[in-house]
Amino acid sequence: MDEVRANFELYNGPRQIGVRGVVAAPSGGFVIFGSRVNRNGLLGATSWWSSDGSEFAIFDDDPVLSAVDGEQQQGLDIAADGSGLFAVGEQWAVRGGVASTDAIAWTSADGRTWTANADLRLRDGGYGEQRFQRVAVSGVRALIGGTDSAERTRLVAWERRGGKWNRSVLPVPAADDPLSGVTDAALDDIVAVIGAKVDDRLMLMSRWVGGRWQRMGLPAAPTGRRAQLQVGVGGAKVVVAATGDGPEWLAVADRGAFTGG
């Protein structure tokens with residue numbers, strides 16, 4: 001691994017918010033996605049592009065990623081498929097004197113010019129807050145994990161199968177902690193997996209082809225407000241890494257049975 005030095009203001013400085021993910025773009029190069037106070041002075045989603053992974057250029061003036069007056073947008077995750085890039089996040093806005101937070105998604109062919117995908121908003125959100133927090137893509141399939149919060153926070157999954165999006169409330173208790181949410185998502189042709197933190201507990205959900213979402217038991221579960229569950233899939237196996245206030249661990253599940261530690 002080589003350290004790539006960059007101009008301090010490229011990622012940091014007084015307009016810094018955060019970077020959330022990096023992917024190889026199908027059209028070539030690499031794309032970083034995150035949030036920043038963009039050139040218009042408002043908090044918006046932001047992308048960085050590089051042809052070789054070393055010298056990145058920032059795109060903090062894209063009109064689709066940038067917010068407008070009375071609005072904020074945050075870019076929370078990015079994934080790549082054979083046709084382009086798929087990014088997700090949240091949008092906070094005040095309209096008609098009412099504030100709301102809605103899930104939002106963007107697509108791009110190259111990571112430099114973006115299009116808002118309005119069809120993926122949580123249209124049944126209404127009252128409360130809806131967020132897209134993690135996204136994973138495999139071929140024509142896609143998985144988004146997020147939250148729907150009113151009095152309590154519910155975990156929600158959106159899956160694209162057969163060209164259509166299906167929304168499911170995940171089988172975990174609603175949370176009292178507003179910081180509860182999806183920490184990672186992954187899928188392949190066999191299984192879709194979502195890791196989450198519900199209140200101060202880590203939880204893992206999976207859906208095998210032809211089945212329903214179900215909660216998987218974990219071999220151990222670090223707790224705490226900073227706990228994280230990272231997931232990966234391959235064939236019929238699920239790889240899970242956990243960090244938090246307790247012991248950190250890595251485990252492999254073969255259709256629900258964990259081994260290793």
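1. Which residue of β14 does Ala186 stand opposite? Val193 is the partner of Ala186. Please keep in mind as you look that this is a predicted model.

2. That pair belongs with two strands worth viewing together. β13 (residues 181–187) and β14 (residues 191–198) run antiparallel and are paired over six bridges. A hairpin of three residues leads from β13 to β14. As for cover, seven of the seven residues in β13 are buried.

3. Both strands also turn up in the largest nonpolar core, to which β11 (153–161), β13, β14 and β15 (201–208) each give two or more residues. The biggest share comes from β14, with four residues. This core has 17 residues, and the ones touching the most other members are Leu143, Leu155, Leu170, Ile194, Met205 and Trp213. As general background, nonpolar side chains in soluble globular proteins tend to be buried together.

4. Do look for the other core too: it is separate, has 16 residues, and counts Trp208, Ala227, Val240 and Ala253 among its members.

5. Earlier in the chain, β6 (residues 85–95) pairs with β7 (residues 98–108) in the antiparallel sense, over eleven bridges. Val94 stands opposite Ala99 of β7. Two residues lie between β6 and β7 in their hairpin, and Gly96 in this turn has a positive phi of about 60°.

6. β7 has another antiparallel partner in β8 (residues 115–116), with two bridges between them. Here Trp106 is set opposite Ala116 of β8. The hairpin of β7 and β8 has six residues between the strands, and Gly111 in the turn shows a positive phi of about 85°.

Conventions: Residues are numbered from 1 along each chain as its sequence is written. This is a predicted model: local features need pLDDT of at least 70, side-chain atom pairs count only at pLDDT 80 or more; totals for chains, interfaces and linings use all residues. Side-chain values use heavy atoms; hydrogens and water are left out. Buried means under 20% relative accessible area, exposed over 50%, partly exposed in between (1.4 Å probe, protein chains only). Two strands pair if DSSP finds at least two bridges between them. A nonpolar core is a set of buried Ala, Val, Leu, Ile, Met, Phe, Trp, Tyr and Cys residues joined through side-chain atoms within 4.5 Å.
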